[in-house]
Amino acid sequence: MVEVERRDAVVVGGGPAGLAAATWLARHRCTVVVLDSGEYRNQWVESAHGYLGLDPVDPAELRARGRQQLLAYPGVEIREVRADGARAVEGGFVVEAGGERLRARRVVLATGVVDRFPEVGNFLEHYGASVFHCPTCDGYEARDRHVVAMGWSEAIVGFALKLAGWAASVTVLTDGRRFEGDGDQRELLEGCGVAIVEDDGVELLGRRGALEGVRLAGGETLGCELLFFSIANDPRPGLADELGCRRTEDGCVHVDEHGRTSVPGVLAAGDLVPGLQLVQVAAASGAVAGVACAQSLWAEEGRMALAAGGSAPLMAERTGPGPQRLQDLEDKIDDAREGLEEIAPELDDDEARFADRGEHRPVDDSIAPH
Ligand SMILES: Cc1cc2nc3c(=O)[nH]c(=O)nc-3n(C[C@H](O)[C@H](O)[C@H](O)COP(=O)(O)OP(=O)(O)OC[C@H]3O[C@@H](n4cnc5c(N)ncnc54)[C@H](O)[C@@H]3O)c2cc1C
C-alpha cells in the first residue's frame, strides 16, 4: 500500500455535509482531501427543495458548484474513491482508500445514510420524480394530489397523516404485509379519510414524472400521482465503528454541538448524525464540523489563543506564529488596555465604560427592541 503525504484533514463524503466541512477547513488554510465514492443519497432526485436562495436546485448542480468552489482554494484535493478503512495512529489517523494510505491529523465523517427501497417494479424509473420517502422534503409537491403512502409499521400512521396535511387524498398500501398498527391507529387513519390497502404493490405505472398508479398483486390498479414510502434508512457507520465512535440508539453517529464524535480528532456531519435530514441542515452541520475541526488544528499548533479574560478567539497569523508571536500580540493588547485606562478619566462615564468593555453602550431608545 502506498503512503501519501500527511494532510491536516481527511473528509470522507462528497455530499453537502462533506463539501461544506472541507470548504471551512480550506478557508482556515488547512490542507484537506475529500474522499467521495459517488453514492449520493439524492442521486435520483431532479429537484431538492427548500435550500435558501436555491429553491429548487438540482442536487447534482449544487454538488458541482460546491466542488468547483472548494477546489479554488489551495491545499484541497477531491478523490473519487471509497474509503475502505480508518484507524488511529500516533499523531492522527490513517484512512485507506484506493490502495493508498492517507495520513491526516483529523477525520471528518460525512458518509450519509442508505435508504431501504420497497420491492416494486419500475421503482427507479419514478424515484426522485414522483416517488419520495420524506414528507418534509417533498410534501409540498403532494399538495392537492392523490398520494399512496407505502409502509406497514406503526410509523406509517404519522407519516400518512402528515402527508394528508398537503394531499387531496392519501391511501396506505402495506406492500403485501399486515398493517402492524393497532385497532385505534386503524380507526384514526380511517377517521381522517386514509384508507388502508393490505395488498402487494407489483409495478409502478406511467412514465417518469407522470406516475399513474400502482398495479397490485390482485390485478387492480391503485391510482395515484405521487408515492411516498416509509421503510427505513440506515446510517453508513462503517468507518465510525472502526474508529470506535459512539452511536445513538437509532444508529447515527453521536456528536456534540461542534460535530465532535466521542473519539478525539474525529468529527461527523450530515445525515450520518442525528437531526433533520435536509440538504441545508447537512451543509450547516458540515460547516460546524469543518470550523470546529480547523480550530482544533489551530489550537494544537498554538495558532489560536483566547483573548485574555474574554471569549473572542485571538487568531495569530498562519505563518511562523510561534509562542513568541503570540506573546507579542498579548503584549500589544496589554499596552492598548493601559492606554485606554489613561484616556478613560477624560471621557464621561458612559463613554468610558463603552470604550473599556463594550458594555452599557448608550442606545437610541426609539430603535431598541421592546
Ligand atoms: C428522494 C430524496 C429526496 C430528497 N429531497 C430533499 C429536498 O427536497 N430537500 C432537502 O433539503 N433534502 C432532500 N433530501 C435529503 C438530502 O438529500 C440529504 O439530507 C442530504 O443529501 C444529506 O447530505 P450528506 O452530505 O449527509 O449525505 P449524502 O449527500 O448522501 O453524501 C454522502 C457522501 O458520502 C460518500 N461516501 C459514503 N461512504 C463512503 C466511503 N466509504 N468512502 C468515500 N465516500 C463515501 C458518498 O459517495 C457521498 O459523497 C432528499 C433525499 C432523497 C433520498
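**Group meeting: a walk through a predicted model**

Let's start with one residue. Leu124 is exposed, because just 11 other C-beta atoms lie within 10 Å of its own, and the cut-off for exposed is 12 or fewer. Leu124 sits in helix α3, residues 123-126. Where is Arg208 relative to Leu124? In sequence, the two are 84 residues apart. In space, they are 9.2 Å apart, C-alpha to C-alpha.

Now step back. What you see is a predicted model. The protein chain holds ten helices and 19 strands. It has 370 residues, and 36% of them count as buried. Take the contacts with a separation of 6 or more: 58% of those in the protein chain join residues 24 or more positions apart.

How confident is the predictor? The protein chain averages a pLDDT of 86. At least 70 is the score for 82% of the residues. Two stretches deserve caution. Over residues 343-370, pLDDT is below 50. That stretch has 14 contacts in the model beyond near neighbours in sequence. Residues 306-324 also stay under 50. For them, the model has 23 contacts beyond four places in sequence.

Next, helix α1. This helix covers residues 16-27, twelve in number. From first C-alpha to last, α1 reaches 16 Å. That is close to the 16 Å expected at 1.5 Å a residue. Is α1 mostly covered or mostly open? Mostly covered: eleven of its twelve residues are buried. Among them are Pro16, Leu19, Thr23, Trp24 and Leu25. There are alanines too, including Ala17, Ala20, Ala21, Ala22 and Ala26.

What do these buried residues pack against? Three strands come early in the list: β1 (2-12), β2 (32-35) and β3 (76-79). Strand β6 (100-109) is another partner. Two helices join in as well, α2 (59-71) and α8 (279-301). After α1 comes Arg29, whose phi is positive, near 60 degrees.

Helix α1 brings us to the ligand. There are 40 residues around the ligand. Which come nearest? Gly13, Gly15, Arg41, Gly112 and Gly270. Three elements give two or more residues to this shell: α1, α4 (135-138) and α8. So α1 and α8 turn up again: buried residues of α1 pack against α8, and both helices contribute to the shell. By type, the shell divides into 16 nonpolar, 16 polar and eight charged residues.

Last, a sheet. A quick reminder: strands of a sheet pair through backbone hydrogen bonds, either parallel or antiparallel. This sheet is open, has five strands and pairs in parallel. The order is β8-β15-β9-β10-β11. Which strands stand at the edges? They are β8 (131-132) and β11 (195-197). Each has a single partner strand, so one side of each is left without a neighbour in the sheet.

Let's walk along part of that order. Strand β9, residues 146-150, is mostly covered, with four of its five residues buried. Five bridges join β9 to β10, and the two run parallel. In one of these pairings, Ala149 has Val172 of β10 as its bridge partner. Then β10, residues 169-173, is joined to β11 by three bridges, again parallel. There, Thr171 is partnered with Ala195 in β11.

That's the tour. Any questions are welcome.

Technical notes:
Residues are numbered from 1 along each chain as its sequence is written. This is a predicted model: local features need pLDDT of at least 70, side-chain atom pairs count only at pLDDT 80 or more; totals for chains, interfaces and linings use all residues. Two strands pair if DSSP finds at least two bridges between them. The expected span of a helix is 1.5 Å times one less than its number of residues. A residue is buried if 20 or more other C-beta atoms lie within 10 Å of its own, exposed if 12 or fewer, and partly exposed in between; C-beta atoms are placed from the backbone. Two residues are in contact if their C-beta atoms, placed from the backbone, lie within 7 Å. pLDDT is the predictor's confidence in each residue, from 0 to 100. A residue is near a molecule or strand if its C-beta atom, placed from the backbone, lies within 6 Å of it. Ala, Val, Leu, Ile, Met, Phe, Trp, Tyr, Cys and Pro count as nonpolar, Asp, Glu, Lys and Arg as charged, and the others, Gly among them, as polar.
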